[in-house]
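Thanks, everyone. I will go through one model, starting with a surface patch, then the sheet, then some charged pairs.

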Amino acid sequence: MNYMDPFNSFFNMKELELEPEGDLIARRLSDMQGMYQQEDNVAGNPKIYEYYNVRLPEIPGHLQHCVTVISPGKIGKEYHMTKGHYHEVEETAEIYFTIQGRGKLVMQTKEGDSKVLDMEEGMISYIPPYWSHRTINTGEEPLVFVGVYPGNAGHDYGDIEERGMKKLVVEEDGQPKVIDNPDY
Ligand code: S6P
Ligand code: ZN
């Protein structure tokens with residue numbers, strides 16, 4: 001039997017970096033074209049979030065794990081958020097463990113059901129099979145969470161890139177508010 005060696009990763013909470021680095025993916029506003037309602041008058045091309053993937057084989061049995069860091073801020077009235085995705089293997093679940101900041105986890109099924117959970121330090125959120133998921137930083141510091149999901153889950157961005165999600169999280173009177181997406 002060819003065993004993989006066990007290993008540690010370390011997330012540096014001061015620098016908000018994973019060590020060793022693994023695969024670092026940064027998404028700027030230009031990587032999310034059409035996903036925000038009012039992206040036209042934004043100066044520059046702000047970094048919205050980045051995530052660090054520990055490199056593992058994409059096969060059943062393994063547990064992928066990664067750390068996402070969403071910077072605080074808004075594009076128009078909408079808070080910084082991830083693109084959001086279904087898992088390619090739709091019957092795979094995921095756990096998010098929030099380690100810093102606060103936000104919302106917006107989920108949706110292909111049948112059109114929506115659910116929104118709060119994310120705050122210490123919260124462990126369960127994303128059951130079949131639910132697409134997007135995270136939103138509604139706070140004033142980075143929102144940092146660890147995601148753990150099956151090795152073969154994969155990512156399917158197509159549906160959300162084309163249609164968006166049913167629910168948006170916007171700031172109203174200084175508070176986060178979940179509203180219906182007028183363009184959905
Ligand atoms: C992977 C997991 C997260 C996201 C990350 C970025 O299944 O849900 O690690 O990949 O939060 O979001 P997105 O929607 O750009 O992949
Ligand atoms: Zn996922």
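**Patch, sheet and salt bridges**

Strands β8 and β11 each contribute at least two residues to the nonpolar patch. Keep in mind that this is a predicted model. The patch sits on the surface and consists of L63, I95, F97, I124, Y126 and V148, with a joint accessible area of about 560 Å². Of these, Y126 belongs to strand β11, and Y126 is partly exposed because its relative accessibility is 48%.

Now the sheet. It is open and has 6 strands, ordered β3-β4-β5-β13-β8-β11, with antiparallel pairing. β3 (23-28) and β11 (124-127) are the edge strands; each has a single partner, so one side of each lacks a neighbour in the sheet. On average, neighbouring strands are turned by 20° against each other, ignoring direction. Inside the sheet, β8 (residues 94-100) pairs with β13 (residues 143-150) over 5 bridges, antiparallel. There, Y96 has G147 of β13 as its bridge partner.

On to charges. How many salt bridges does the structure hold? The count is 9. One of them joins E161 and K83, with the closest N and O atoms 2.6 Å apart. This pair links distant parts of the chain, 78 residues apart: E161 is in helix α1 (residues 158-163), and K83 is in the loop between β7 (78-79) and β8. K83 is buried at 9% relative accessible area, whereas E161 is partly exposed at 44%.

Helix α1 also holds a salt bridge between D159 and R163, at 3.9 Å from N to O. These two are 4 residues apart, which means about one helical turn. R163 is partly exposed, at 43%, and D159 is also partly exposed, at 21%.

Note on methods:
Residues numbered from 1 in each chain as written. Chains lettered and ligands numbered in written order. Predicted model: local features only at pLDDT ≥ 70, side-chain atom pairs only at ≥ 80, totals over all residues. Heavy atoms only, no water. Pairing = 2+ DSSP bridges. Axes fitted to C-alpha atoms, helices over the stretch in contact; angles between N-to-C directions. Patch = residues over 30% accessible without salt bridge, like charges linked within 9 Å, V, L, I, M, F, W, Y side chains within 5 Å. Areas by Shrake-Rupley, 256 points an atom, 1.4 Å probe, with all protein chains shown as cover. Salt bridge = Lys/Arg side-chain N within 4 Å of Asp/Glu carboxyl O. Buried < 20%, exposed > 50% of the residue type's maximum accessible area, 1.4 Å probe, protein only.
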